[in-house]
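Below are my notes on the two-chain model that you asked me to look over. Please read them with the coordinates open.

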Amino acid sequence: MSEAGAVIEARDLTKTFGARRAVNNVNLTVPRGVCFGFLGPNGAGKTTMMRMLLGLASPSAGSVLVRGYDVTKSPRAALERVGAIVEEPRFYPYLSGRANLEVWAAYLGNAAEARIDGLLERVGLGERGGDHVRKYSQGMRQRLGLARALMNDPELLVLDEPTNGLDVEAMQEFRLMVREMVEREGRTIFISSHQLHELERICDYVAIVNQGTVIIEGSMKSLIAEGERGVAVDCDDEDGLRRVASSFTGVRAIRKTGDGLLFVEVPPTRETMIALNRALVEAGVGVAQLSRSEESLEERYMAITGAVNGDGAAPAPPPPPPGAPS
Amino acid sequence: MIAIIRQEVRKVTGRRGSFWSAVGITLALVLTAYVVSIIVYQVQDDATSGEEALFLYSTLLFVPLVVFVLVASQAGAWDFANGTFRYMVVTGRSKPQLLALTALGVIVTSLAVTAPYCIAGLVQAYTFPLAGSDPASAKDVAQFLWFAFAQVTFWSIVAFSVGALMRSSGAGIAVAMVLYFGGFTFGGLLGAWSDTLRQILPNFAITTTTGITDDPLGLGIVASAAWLVLFAGAALLRTARSEY
């Protein structure tokens, strides 16, 4: 029986290739209606995990339920409303974009063909749908891949590096589309990407995988909140700032950053920032800039994977998403 | 199901180079057969029978079959080599079913391309001077149609299966071609040692099922079925067991 509200549930999922464990005893719960980022370095097991979710590879041990169905035992039911881009979108280059979608519509049934026009428009290929795919740029193929993934009106979209080849404008469109699909259409998106700043902007939940193991899983907010937070100050008197800031309660450290600013490690609330600014000015310290500073997903990712790889202490995990087993 | 077959046919016909080669060669052959017939008629005093006309067409089928072998082995390998098979698997259908549907599309296409050739043969057997006053019998026609159907279907399945097993268009085509051409040569050599072994080779077995040779029909049917099971079974097994 599946967890209520979970669209993906991996239990003790393991995949071995000879002696190597590509996915090692992974437990993962992805709630419905969220964008879930799946991060990890190259060779961490992300794509293998995604392939098992989609029935493209069989688990060596454990199980994976998609939409409540075991993918290995009931692939048709599990994948009926699942769309995907795996590794890279592949097509018949000698057929047009539209003809390619018609091929998949025949396999999908359920009036998928009737959605083709709308989907081509949605991904910005309305006018190029009649062109042969061999004439498409990589970005256009990614867009067509997204259109194909949406053909069966999916509850779950599994997207492996979907932003490869997209230009800045297309990236922004993609970001908006993802949020629209999650917030307005209620779809669940399980996405992997190396573009961490993009994931930070679109994901609600995140799991970081390293050497086949999920090392941290939780909401994006809590993951970021667990990181270093404080106030960055650009001023003309370092000693003065140290003197003033050290008298504030809650200040844990003051140090100089790589870009010449002074970082005051303190919860960066609005009140604290106003009080710090006032105190600095009253003490005669000239302030050019004072801003909230939080670790980005990329910095958190580096800290976490670095810690696991032996570069530091392992971080405490953030709270798990709702529906996840304790 | 019909919608899927239609799209599978489109996948084959969309590879215009190989597909139009198959069509072009087949139509060129029809034309050639007509020209040869006219020449033969001109130099002979008496008209050739309808049965002989059909036999001439059956013999010439050897040429388009080469192209069908090429088209089918390429089609068998394409989805694996191109990475599109994994997207077919994500539709949730079983892998053997997906492979079988693709093969069906190839067979339908090959038979459709053969149709004008068969029609031309029949028209000539009944109406052209070659047929003369001795038109083909119903048995001759059935044998001719079965010959075309059996050869095209058999070699489409074998070549498609080889392509699906090899997973590379080039390698698939090469192996299928060796099987097709090499079978005749090897069969000739083998026949000198053991005629039974020659009879069970794919080329000879499938030809035997059409009844145009003196080889035992039962052995031809059994051997043909065994080859189909072997090649198609191996392709299905590999497809089902592989990960994508």
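The points that follow take up confidence, chain B, the contact between the chains, the nonpolar cores and the strand pairings of chain A.

1. Confidence. This is a predicted model, and its overall scores are an ipTM of 0.86 and a pTM of 0.83. For chain B the mean pLDDT is 88, with 94% of the residues of that chain reaching 70 or more. For the remainder the usual caution holds, since predicted coordinates should not be read in detail where pLDDT is low.

2. Make-up and shape of chain B. The secondary structure of chain B consists of 11 helices and zero strands, so that the pattern read along the sequence is α-α-α-α-α-α-α-α-α-α-α. Its radius of gyration is 19 Å, which is close to the 18 Å given by the globule rule for 244 residues, and chain B is therefore as compact as a globular protein of that length. The C-alpha trace of chain B spans about 65 × 45 × 30 Å along its principal axes.

3. Packing within chain B. Of the 244 residues of chain B, 45% count as buried. When contacts in chain B are restricted to residues at least 6 apart in sequence, 75% of them join residues at least 24 apart. A separate pair of positions may be worth locating in the display: Q97(B), which is placed in helix 6 (residues 95–127) of chain B, and G233(B) are 136 residues apart along the chain, while their C-alpha atoms are separated by 12 Å. Q97(B) has 14 other C-beta atoms within 10 Å and is therefore partly exposed.

4. The contact between the chains. Chain A contributes 26 residues to the contact and chain B contributes 21 residues. On the side of chain A that touches chain B, the elements giving two or more residues are helix 2 (75–79), strand 6 (82–85) and helix 3 (97–108) of chain A. Helix 3 of chain A gives the most to that side, with seven residues. By residue class, the side of chain A that touches chain B divides into 19 nonpolar, two polar and five charged residues.

5. The nonpolar cores. The largest nonpolar core has 149 residues, of which L53(A), L54(A), V66(A), V158(A) and V158(B) touch the most other members. Helix 7 (residues 138–166) of chain B gives the most to this core, with 14 residues. Once neighbours within four places in sequence are left aside, V158(A) is in contact with M50(A), L53(A), L54(A), V82(A), A84(A) and F190(A). Another core, of 12 residues, lies apart from the largest one, and its members include V231(A), V233(A), L262(A) and V264(A).

6. Strand 13 of chain A. Which residues of this strand are buried, and which are not? Along strand 13 (residues 262–265) of chain A the side chains alternate, with L262(A) and V264(A) buried and pointing to one face, whereas F263(A) and E265(A) point to the other face and are not buried. This agrees with the general rule that side chains in a regular strand alternate between the two faces of the sheet. Strand 11 (residues 229–235) of chain A runs antiparallel to strand 13 of chain A and is joined to it by three bridges, with V231(A) standing opposite V264(A). Strand 12 (residues 253–256) of chain A is likewise antiparallel to strand 13 of chain A, here through four bridges, and I254(A) stands opposite V264(A). Strands 12 and 13 of chain A form a hairpin with five residues between them, and G260(A) in the turn has a positive phi of about 85 degrees.

7. Strands 1 and 2 of chain A. Strand 1 (residues 6–17) and strand 2 (residues 20–31) of chain A run antiparallel and are joined by eight bridges. F17(A) has R20(A), in strand 2 of chain A, as its bridge partner. Two residues lie between the strands of this hairpin, in which G18(A) takes a positive phi near 65 degrees.

8. Backbone angles to check. Where is phi positive in a residue other than glycine? D12(A), with a phi near 50 degrees, is one such residue, and D12(A) lies in strand 1 of chain A. N25(A), which is placed in strand 2 of chain A, also has a positive phi, of about 55 degrees, although it is not a glycine. D12(A) is partly exposed, with 13 other C-beta atoms within 10 Å, and N25(A) is partly exposed with 15.

Methods
Residues numbered from 1 in each chain as written. Chains lettered and ligands numbered in written order. Predicted model: local features only at pLDDT ≥ 70, side-chain atom pairs only at ≥ 80, totals over all residues. Contact = placed C-beta atoms within 7 Å. Nonpolar A, V, L, I, M, F, W, Y, C, P; charged D, E, K, R; others polar. Pairing = 2+ DSSP bridges. pLDDT = per-residue confidence, 0-100. Core = buried A, V, L, I, M, F, W, Y, C linked by C-beta atoms within 7 Å. Buried ≥ 20, exposed ≤ 12 C-beta atoms within 10 Å, placed from the backbone. Rg over C-alpha atoms; globule rule 2.2 N^0.38 Å.
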